Amino acid sequence: MAHYLDDQSRTFSEFLLVPGYSSAEAETANVSLKTPLVKYKKGQKPALSLNIPLVSAVMQAVSDNHMAVALAREGGLSFIYGSQPIERQAAMVAKVKSYKAGFVSSDTNVKPGDTLADLLELQKKTGHSTTAVTEDGTASGKLLGLITSRDYQPDKTPGQTKISALMTPFTDLVCAPDGVSLQEANDLLWERKLNVLPVVDKKQRLTALVFRKDYNQYIGHPNGLLDERKRYMVGAGINTRDYAERVPALIAAGVDVLCIDSSEGHSEWQKRTLEFIRKKYGDKVKIGAGNVVDAEGFRFLVEAGADFVKVGIGGGSICITREQKGIGRGQASAVIEVAKARDEHYKKTGLYVPICSDGGIAHDYQMTIALAMGADFLMHGRYFARFDESPTSKLLINGNYVKEYWGEGSNRARNWQRYDHGDNSQLIFEEGIDSYVPYAGSLHDNVTVTLNKIKATMCNLGALSIPELQRDAKLTLVSSIGIIEGGAHDVVQKDRK
Ligand code: IMP
C-alpha cells in the first residue's frame, strides 16, 4: 500500500514569523548575512561561503557572465547555465574570472579611415559616445586615437569627414600601462581631469577603458564575493550526461563551484556524476547536487559526496512539473524536512552540509521565512530575471516594460538533460513555460532593498546572523482568513504605484 505523509504540503506564504525580543544591538547595520556554501566539519570554516544568501538559477534566462559579475559584486553567486555548448559556458566562466572591476572592454571602435557617418551609425547601436580609434577597428587593436562627442558637431560637421581628421591622436592622449590598478587609474583620471583613460599594452594595443563616471559604482561594493586572487567567484551548472567533458573545461576556465542541475536529483545518475568528480578531483572540486524534497533524498546525495544539497521540486514560478507529472512538494514542507535531516546529520557526524531552497519565492519576506526554516541560501530565477543584468530582452508590452523569462523545461530552452531519465535524448513534453516578468531595474537597487527587509525582519526577531535566526525563529501557520488580514483590508485603497 502506498505510504502517506502525515503533513500537508505547505508553502512559505502559509507561515508567519513571530517577533521576539530585540536588544539595542539589533539594528540592521549589525546583521551579518554570511552563510556557508559548501560542507564543513565541526569547528572548521567552510572552504566557500557567500556574503549574502542569494544565488541565481542555472537558467538561460537568468545566469550568464553579466549576471554573475553583478551578483558577485553584491556578495552572492551565479550558476552559469549549462544548457549551452561546453565551450560557450566555459567562456562565460572565464569572462567572470578575468573581469576587472572598473576596466571595461571598449564596445565602440572605428578605424582612422572610417567616416563620421560610420561612427554615428555605430553609436546608434551601442549607445556609447566614447569611441576608440584602433588600427583594425577592434577593441584590442593598436590604439591610434580617441573620439568623443566633443570632437564634432553632428548637424554641422560633414558626414564624410574622416575619423583621422577629428580624433585626438594617440600622442596627445593620457594612457595607462596594462597592469595598472584601479586605484592608480582613478588617481590619473582625477589628476589629469580626464573622463576616460585608455589602458594599453607595450605594443600600444588597447586592453581596456576606465571611465570616471564608473568610479563610485566600484567603490560602493565592499561586500563583493572574491576568491583568494581577488577575482569574482562564479558557479556553473552541469548535467549527468556530458560531465566527463564539461567539468574539466569549466575547471580550466576557473569555475569556483559546480552544481548538478536536475529537476529530480534522488537518482543513480547524480551518484555517478558525484563519484566521477570525487574520483578525479578528490575534495578539491566543490559540487552541489539536487533537487530533492525529503530527508531520504538529502541523505542519499550527502552519502554520494555532495557539498551542498538543493531543495525544491515543482515550486518554480515557470514550473508546470506538478501539473504534468503530479510530483513535487510544497517548498516550505520540503525545506523544513530537509533542514531537520541536515541538523540530525550534523549532530551525528559533525559534518554540516548546507541546503539551498530553490524556486517558488514570490515575495521578499518569504526569503526570511525560508532562511528561518533552515535554508542556508536561496536560489532564485524569476527574482533575478527582472533585472537589467539578466540575459533576456527588455520589451514594452501594453505600456509596461517586461523581461522575458522561460523555464529550462520549456520548448524554448529544451534542456532535456535536466529532465533526463537516461533513456531519451530529447524533451518529450514540456515541464516549464515561456513568460514575461515585470522589468524591475538594476540588480543592485533591488538586492539592496531585499537585504534590508531581511535584516529588518531579523532585527524584529532579535537575530543578528542566519544561524541565530534558524535557532531562535518562531513560526506560525496562518489560516486562510489570516492571510486576508495580512494585506490591506476593509479600506478603499487609493491607486498604489
Ligand atoms: P523561480 O525562482 O520561482 O522562478 O524558480 C526558479 C527555479 O525553477 C530554478 O532554479 C529551477 O530549479 C526551476 N526551474 C527552472 N526551469 C524550470 C522548468 O522549466 N520547469 C520546472 N522548474 C524549472
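Two strands pair if DSSP finds at least two bridges between them. Helices (H or I, at least four residues) and strands (E, at least two) are DSSP runs, numbered from the N terminus. This is a predicted model, where local features need pLDDT of at least 70, side-chain atom pairs count only at pLDDT 80 or more, and totals for chains, interfaces and linings use all residues. Residues are numbered from 1 along each chain as its sequence is written.

**Exercise 1. Look at the hairpin of β21 and β22: which residue takes a positive phi?**

Step 1: find the strands. β21 covers residues 394-397, and it pairs with β22 in the antiparallel sense over four bridges.

Step 2: line up a pair across the strands. L395 stands opposite V402 in β22.

Step 3: check the turn. Two residues sit between the strands, and N398 is the one with a positive phi, near 50°.

**Exercise 2. Hunt for unusual backbone spots: where do Q204 and R414 lie, and which residues does a cis peptide bond join?**

Step 1: recall the background. Most residues other than glycine have a negative phi, and most peptide bonds are trans.

Step 2: go to Q204. Its phi is positive, near 70°, though Q204 isn't a glycine. You'll find Q204 in the loop between β12 (196-200) and β13 (206-211).

Step 3: ask how covered Q204 is. A residue is buried if 20 or more other C-beta atoms lie within 10 Å of its own, exposed if 12 or fewer, and partly exposed in between, with C-beta atoms placed from the backbone. Q204 has 15 C-beta neighbours inside 10 Å, so it counts as partly exposed.

Step 4: repeat for R414. Its phi is near 45°, again positive in a residue other than glycine. R414 lies in the loop between β22 (400-406) and β23 (434-438). With 15 other C-beta atoms within 10 Å, R414 is partly exposed.

Step 5: pick out the cis bond. It joins G290 and N291, with omega about 5°. N291 belongs to strand β16 (residues 287-292).

**Exercise 3. Work out the surroundings of K142: which residues does K142 touch?**

Step 1: place it. K142 is in the loop between β8 (131-134) and β9 (143-147).

Step 2: count neighbours. K142 has 16 C-beta neighbours inside 10 Å, so it counts as partly exposed.

Step 3: list the contacts (two residues are in contact if their C-beta atoms, placed from the backbone, lie within 7 Å). Skipping residues up to four places away in sequence, K142 touches T134, E135, K203, Q204 and R205.

Step 4: compare chain and space. K142 and L206 are 64 residues apart along the chain, yet their C-alpha atoms are separated by 6.1 Å.

**Exercise 4. Trace the open sheet of four strands: what is its order?**

Step 1: read across. The order is β7-β8-β9-β10, with mixed pairing.

Step 2: find the edges. β7 (109-110) and β10 (168-169) are the edge strands, and each pairs on one side only.

Step 3: zoom in on one pair. β9 and β10 pair in the antiparallel sense over two bridges, and L146 stands opposite T168 in β10.

**Exercise 5. Take helix α1: which elements do its buried residues pack against?**

Step 1: see how covered the helix is. α1 spans residues 65-74, and eight of its 10 residues are buried. Among them are M67, A68, L71 and A72.

Step 2: find the partners. These buried residues of α1 pack against β5 (54-56), β6 (77-80), α2 (86-98), α13 (382-385) and α14 (443-460).

Step 3: see what comes next. α1 is followed by G75, whose phi is positive, near 110°.

Step 4: check a contact from the other side. Leaving aside neighbours within four places in sequence, V234 is in contact with residues including A68, A72, V93 and V255.

**Exercise 6. Step back to the whole protein: how many helices and strands are there?**

Step 1: count. There are 16 helices and 24 strands.

Step 2: judge the packing. The radius of gyration (taken over C-alpha atoms) is 25 Å, and the globule rule (2.2 Å times the number of residues to the power 0.38) gives 23 Å for 497 residues. Those values are close, so the protein is as compact as a globular protein of that length.

Step 3: add the burial. Buried residues make up 43% of the 497 residues.
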